[in-house]
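Morning, everyone. I have one structure to walk through today. Please bring it up on your screens.

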Amino acid sequence: MDFTFSREHQLLRRTIREFVEREVVPRATEIDENEEVPFDVLKKAAKMGLFGMPFPREYGGAGAGEIGYCILAEEMSRGCASTMATIGAHIGIGAMAIYLDGTPAQKEKYLKPLARGEKIAAFGLTEPQAGSDAASIRTRAVRDGDSWVLNGSKIWITNGGFADIFSIFAVTDPALGARGGVTAFIVEKGYPGFKVGSLEEKMGIRGSSTAELIFEDCRVPHENVLGQFGAGFVTALKTLDMGRITLGAAGLGGAQALLDLCVEYAATREAFGGAIAQKQAIQWMIADMATEIEALRSLVYRTAWMVDTHQDVTTQAAMCKVFGSEVQARAVEKAVQLFGGLGYMRGHPAERAFRDARICEIFEGTNEINRVVIATNVLRKVGVRISA
Amino acid sequence: MDFAFSEEQEMFRDMVRDFAQKEVLPLAETLDREERPPLETVRKAAALDMLGIPFPEKYGGMDMGAVTYTILIEELAKVCASTASTIGISVGVGMMAIYLAGTEEQKQRFLPRLISEGGLAAFALTEPDAGSDAASIRTTAVKDGDAYVLNGSKIWITNADVAQVMTVFAVTDPAAGAKGISAFLVEQGTPGMTIGWRDKKMGMRGVSTCAVFFDNCRVPAANLLGGREGAGFGAALKTLDFGRMSVAASCLGLAQGCVEASVAFARDRQQFGGPIAMKGAIQAFIADMATQVESLRYLVYHTAWLVDSGKEYGWEASTAKLWGSQVATFCANKAVQVHGGMGYMKRFPIERIYRDAKILPIWEGTSEIQRFLIASKLFKEAGVKIAP
């Protein structure tokens, strides 16, 4: 047993923290206010090699493992949730699907430029009628000679508006459904018949692009079938496991950043003749935030360690997602309260965090569906099979 | 970073689990009903070398460290919180005070005997007017020749009537406040010390707690803990750090026991034509319980690992104790709900566990004191000293 981060990981954290302080924090308010995808920040992050964090060096990655990737997510999330959502969708699900199930040729062609940050990835699963019930997607793929013809549409696809490479899930056999009837495809931006539809305006993470994707007789070459034919739903679930761990790490960073701000503020804000830190009501908020954050930290890095040591993490990943988003939700609630009127004003980090955090209980599988995932796995151990 | 237990620790866990099933579980209901401590179990645990786990070999210990000790308490608490607490208070607080603050001669005189004979130790700090505000104790100790004369009373002292030795805190210099408190090793049967009736409690009824009265009780000067006056409060705080980690370990075990019982019950209980495990509400209960337990597990083991690495761990112990008691009471409450009427009946262990859990946010430092300690360190780092 050893809870120490390796020297490399400690160095990585320092480097990313400095980058976030210097390049991300000063931009966060504008990114939010202007609903602006932070291309300048992304370019710099790519240049630093952050976009290939968890992937092996042979694919242009940093080889820092899941622990390294969680460090990135935690630190990035301290600075700007929109930037984190963008990077998370790129690395954690878009590129991750290709890394987990792509052929050597696909990894060579797609993962390498993604890991180097030359191209941006997105993950297209959700549809208007298929949210938590992802197995009910309707986008159809039909074989035609050497290619597949895709028809249908996806919604709420993070990075959708500007990504270059998409992991898209479509039905190849309606009779089989999720069990053998869904296949994943790698779709490039310029493929004929593929276009970006409307962009969403959101409550928070406003600097992340959330787009509709439209497929009208979009032709995808057969060699772009991602993973086993018919096993697309498995690819999606495996990928989402990884995305959920990242969300735990992002929740950790978001909550920790607010705690730090709250401690600093309570130590300096005077009321009734002294620092508000002297009030037990304030001390309680701080103590509860810190305690939950400490519990979350142990859960996230333990799960990341399980990934790096090749253990099954489906249950723990869902726990990271649920607990991470809820610890963060409680932290932002307390932070706005602790800052009082200030925390309600636009431009204040607590105001933005309050809006940014809300999505984490919804996307990457709602917390309700993640609870089903957790319960399913816990109950399976005693011989019960449940379905959503 | 390595979250894995060593092979030795895994083997130890198997051994304790086996012991818990054979020796502890069958007695749990009896202890609760008869309101008596499990002295026979303590002797059996001693025969299996379980009582000397965290102490060095030169004091008759096993030198297996705090992580292994945590495994012991977790596994015992999973089946009987009273047994875990009787042993936890004796080893983790009573004996720990001697180990952390005693002179070499005191350690040699008391520890090997307690460890090998299955003797119990107690820790007497709390008084009617000194609970959370422990520095305000009134019991006095006055030097008289080669002895100290103790006068005053203690309440709620775990193991008081069954302990071989008790660490008693008393004021030797009333003008010096907390720095005027000293600790004494008082052996059972010392004239002038009277043990009161066992307290009748809501839960933890297998833990003996009593009042202790000192009426001109002469304690040899050789039994002044650490051989120094005024060092008592420091010794108490150091010991309580370990004690809090120990309570957090019993919280973990108790909560895990609730998850396991609820999962089995949800599988077997049939309503509306199927197991209640199929209901979303029950699944959400189980998911929340399992997630909280998982978030607690490595918070506790991280603290234990800090102990074994010779690092500071007081703050982490407070977070583990605070979160642990919240997780344990949450899980016990949900377990009653999953069991419905059965959870309210004495035929099922859940009824006892629910009562047992209620003490966890209160003893060994209330949750309110933990929150103060947690906030106080963070504010200290921000340059503000807060008072309780």
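At what angle do helix H7 and helix H8 of chain B pack? Keep that in mind, and remember that this is a predicted model.

Find H7(B), residues 280-308, and then H8(B), residues 314-339. They pack at an angle of about 155°. Their axes are 9 Å apart. An angle over 145 degrees counts as roughly antiparallel, so H7(B) is roughly antiparallel to H8(B). The crossing of the two helices is left-handed.

Who makes the contact? From H7(B), the residues include Ile282(B), Phe285(B), Met289(B), Val293(B) and Leu296(B). H8(B) answers with residues including Ala317(B), Ala320(B), Trp323(B), Val327(B) and Phe330(B). Charged residues take part too: among them are Asp288(B) of H7(B) and Lys334(B) of H8(B). By class, this contact has 15 nonpolar, six polar and three charged residues.

Now zoom out to the domains. The domain assignment splits chain B into domain 1 (7-120), domain 2 (123-232) and domain 3 (234-381). Look at domains 1 and 2 of chain B. Their C-alpha centres lie 23 Å apart. Their contact takes 27 residues from domain 1 and 20 residues from domain 2.

Which elements of domain 1 of chain B give two or more residues to that side? They are helix H1 (7-34), helix H4 (81-101) and helix H5 (104-117). H4(B) gives the largest share, twelve residues. The domain 1 side divides into 14 nonpolar, ten polar and three charged residues.

That's my tour. Thanks for listening.

Note on methods: Residues are numbered from 1 along each chain as its sequence is written. Chains are lettered from A and ligands numbered from 1 in the order in which they are written. This is a predicted model: local features need pLDDT of at least 70, side-chain atom pairs count only at pLDDT 80 or more; totals for chains, interfaces and linings use all residues. Domain bounds come from an automatic or database domain assignment. Two residues are in contact if their C-beta atoms, placed from the backbone, lie within 7 Å. Helices (H or I, at least four residues) and strands (E, at least two) are DSSP runs, numbered from the N terminus. Axes are lines fitted to C-alpha atoms, for helices over the stretch in contact, and angles run from 0 to 180 degrees between N-to-C directions. Angles under 35 degrees count as roughly parallel, over 145 as roughly antiparallel, 65 to 115 as roughly perpendicular and the rest as oblique. A crossing is left-handed if the near helix is turned anticlockwise from the far one by less than a right angle, and right-handed if clockwise.
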